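Here's a set of short exercises to work through with the model open beside you. Try each task before reading its solution.

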Amino acid sequence: MPRNGAKMLKIYIIFLLLILIYLCSFNILNLINNLSQEIIPSKRTLGFDHIYVIGLDYRKDRREIMDKQISYLNLDVEYFKAVSKYDKILHKFTNINSKVTVGQRACYVSHYLIYQTIIEEGFNSALILEDDVDFEANITDIMADIYQNLPESWDTLHVGHCYETIGQPVGSSSFPNKLYQSVEPQCSHAYAVSNSGVHKLLKLIDPMNALGPIDYEISTRVKSKEIISYSIHPQPIIQWKEGNPSDVAPTSHYPFSLTNSTMNLLGLINENKYPEEWM
Ligand SMILES: *[C@@H]1O[C@H](CO)[C@@H](O)[C@H](O)[C@H]1NC(C)=O
Ligand SMILES: *[C@@H]1O[C@H](CO)[C@@H](O)[C@H](O)[C@H]1NC(C)=O
């Protein structure tokens with residue numbers, strides 16, 4: 001009997017140890033989870049996992065202006081080589097017979113390739129910029145505030161846009177640049193995509209069967225609510241190119257669409273007019 005009792009005790013202790021190990025491993029897993037959640041999104045990427053700037057190789061002029069702003073704003077970006085209308089790769093991805101112009105198809109494929117890269121790199125979110133944008137000088141503070149109000153579930157966030165109507169307000173910001181539900185945002189010069197957003201976009205759109213330019217494709221999916229989307233008003237990142245159909249101040253000259261334009265601060269705007277010779 002005593003031998004049997006000792007055996008029972010051993011089994012009992014081993015059992016307890018197993019339970020303890022099991023509980024500990026749970027705690028450790030939780031701890032790892034919490035640690036990874038607590039990684040603060042970098043200010044240098046405006047709270048996103050990554051920033052891409054799409055630009056054509058030969059537009060060194062735009063690159064120069066962009067570089068100066070990026071360095072002033074202390075941002076961390078990756079330049080992504082845009083597909084040009086002369087690139088052979090265009091024919092692999094798009095349909096020559098489509099109604100969409102060759103320039104629009106090139107732009108479409110450039111954005112599409114970025115979506116694929118975001119998945120490959122495993123980013124949870126990325127901000128996609130075109131190389132002809134101007135920023136509010138305090139874009140870092142603005143985006144930190146927007147992030148506070150951004151719901152957990154989102155597919156696209158239109159930081160810059162055109163022809164966009166103001167939708168339902170979201171969150172409670174005391175700053176001028178506020179978050180709203182998107183209505184039908186157009187233009188593709190400054191928008192962010194989440195991982196779920198990229199997956200949806202890759203499923204919903206197809207360069208071979210483009211219904212229109214990339215921003216049209218996105219805006220129709222936003223309008224139909226297939227994509228959960230938010231827009232910032234007034235937009236803190238605008239496109240400076242001439243003929244910019246900005247919804248902010250269509251009649252005024254571009255620099256005044258922003259409260260405090262980075263290009264203006266850096267003296268990159270001459271004579272308060274569009275740098276049309278750069279187009
Ligand atoms: C950004 O700067 C503008 C003035 O240029 C100011 O009105 C606004 O409150 C600032 N936003 C944040 C979030 O700090
Ligand atoms: C514009 O930004 C600069 C640099 O951050 C700052 O010194 C200046 O006060 C800002 N002007 C306004 C009107 O917010």
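**Exercise 1: a residue beside the ligand**

In which loop is the place of Asn260? Work that out, then describe its surroundings.

Solution. Keep in mind that this is a predicted model.

Step 1. Asn260 sits in the loop between E10 and H8.

Step 2. Count neighbours: 13 other C-beta atoms lie within 10 Å of Asn260, so this residue is partly exposed. The cut-offs behind that call are 20 or more for buried and 12 or fewer for exposed.

Step 3. List the contacts, skipping residues up to four places away in sequence: Asn260 touches Glu136, Ala137, Asn138 and Leu265.

Step 4. Look back along the chain to Pro236, 24 residues away in sequence; the C-alpha atoms of Pro236 and Asn260 are 9.4 Å apart.

Step 5. Bring in the ligand. Asn260 is one of the residues surrounding ligand 1, together with Asn138, Asp141, Ile142, Asp145, Phe175, Pro176 and Thr259. Sorted by character, that shell gives 3 nonpolar, 3 polar and 2 charged residues.

**Exercise 2: helix H2 by the numbers**

Check the length of H2, then find which side of this helix is buried.

Solution.

Step 1. H2 covers residues 60–73, which makes 14 residues. At 1.5 Å a residue the helix should span 20 Å, and the end C-alpha atoms are indeed 20 Å apart, so expectation and model agree.

Step 2. Pick out the buried residues of H2: they are Arg62, Ile65, Met66 and Gln69. They share one side of H2, because their arc around the axis is only 95 degrees.

Step 3. Now turn to the face pointing away from that buried side. Here you'll find the exposed residues Lys60, Glu64 and Ser71.

Step 4. Ask what the buried residues pack against: strand E1 (50–55), strand E4 (133–135) and helix H8 (262–265).

Step 5. Step just past the end of H2, and you meet Asn74 with a positive phi of about 55 degrees.

**Exercise 3: backbone oddities**

Go through the loops and collect unusual torsions.

Solution.

Step 1. Start with the baseline. Most residues other than glycine have a negative phi, and most peptide bonds are trans.

Step 2. Take Leu46, in the loop between helix H1 (2–37) and E1. Phi of Leu46 is near 55 degrees, a positive value in a non-glycine residue. Leu46 has 26 C-beta neighbours inside 10 Å, so it counts as buried.

Step 3. Go to Lys225, in the loop between helix H7 (214–223) and E9. Lys225 isn't a glycine either, yet its phi is positive, about 65 degrees. Is Lys225 buried or exposed? Exposed, because there are just 10 other C-beta atoms within 10 Å.

Step 4. Finish with the peptide bond between His233 and Pro234, which is cis, with omega about -15 degrees. Pro234 belongs to the loop between strand E9 (229–233) and strand E10 (237–239).

**Exercise 4: the nonpolar core**

Find the members of the largest nonpolar core that touch the most others, and see what one of them contacts.

Solution.

Step 1. The largest nonpolar core has 52 residues, and Ile51, Ala126, Leu127 and Ile128 touch the most other members. Helix H4 (residues 102–121) is the top contributor, with 8 residues.

Step 2. Follow Leu127. Leaving out residues up to four places away in sequence, Leu127 touches Leu46, Phe48, Ile51, Val159 and Ala192.

Step 3. For context, nonpolar side chains tend to be buried together in soluble globular proteins.

**Exercise 5: what covers H7, and how the chain links up**

Find the buried residues of H7 and their cover, then look at contacts across the sequence.

Solution.

Step 1. In H7 the buried residues are Ile214, Asp215, Glu217, Ile218, Ser219 and Val222. Their cover includes H4, strand E5 (156–158) and E9.

Step 2. Locate Ser98, in the loop between helix H3 (89–93) and H4. The C-alpha atoms of Ser98 and Leu211 are 8.4 Å apart, although 113 residues separate them along the chain. Ser98 also touches Arg105 and Ala210, not counting residues up to four places away in sequence.

Step 3. Zoom out to the chain, with 8 helices and 10 strands. Of its 279 residues, 35% are buried. Among contacts with a separation of 6 or more, 77% link residues 24 or more positions apart.

Terms used. Residues numbered from 1 in each chain as written. Chains lettered and ligands numbered in written order. Predicted model: local features only at pLDDT ≥ 70, side-chain atom pairs only at ≥ 80, totals over all residues. Near = placed C-beta within 6 Å. Nonpolar A, V, L, I, M, F, W, Y, C, P; charged D, E, K, R; others polar. Core = buried A, V, L, I, M, F, W, Y, C linked by C-beta atoms within 7 Å. Helix = DSSP H or I, 4+ residues; strand = E, 2+ residues; numbered from the N terminus. Contact = placed C-beta atoms within 7 Å. Expected span 1.5 Å × (residues − 1). Arc of directions from axis to C-beta.
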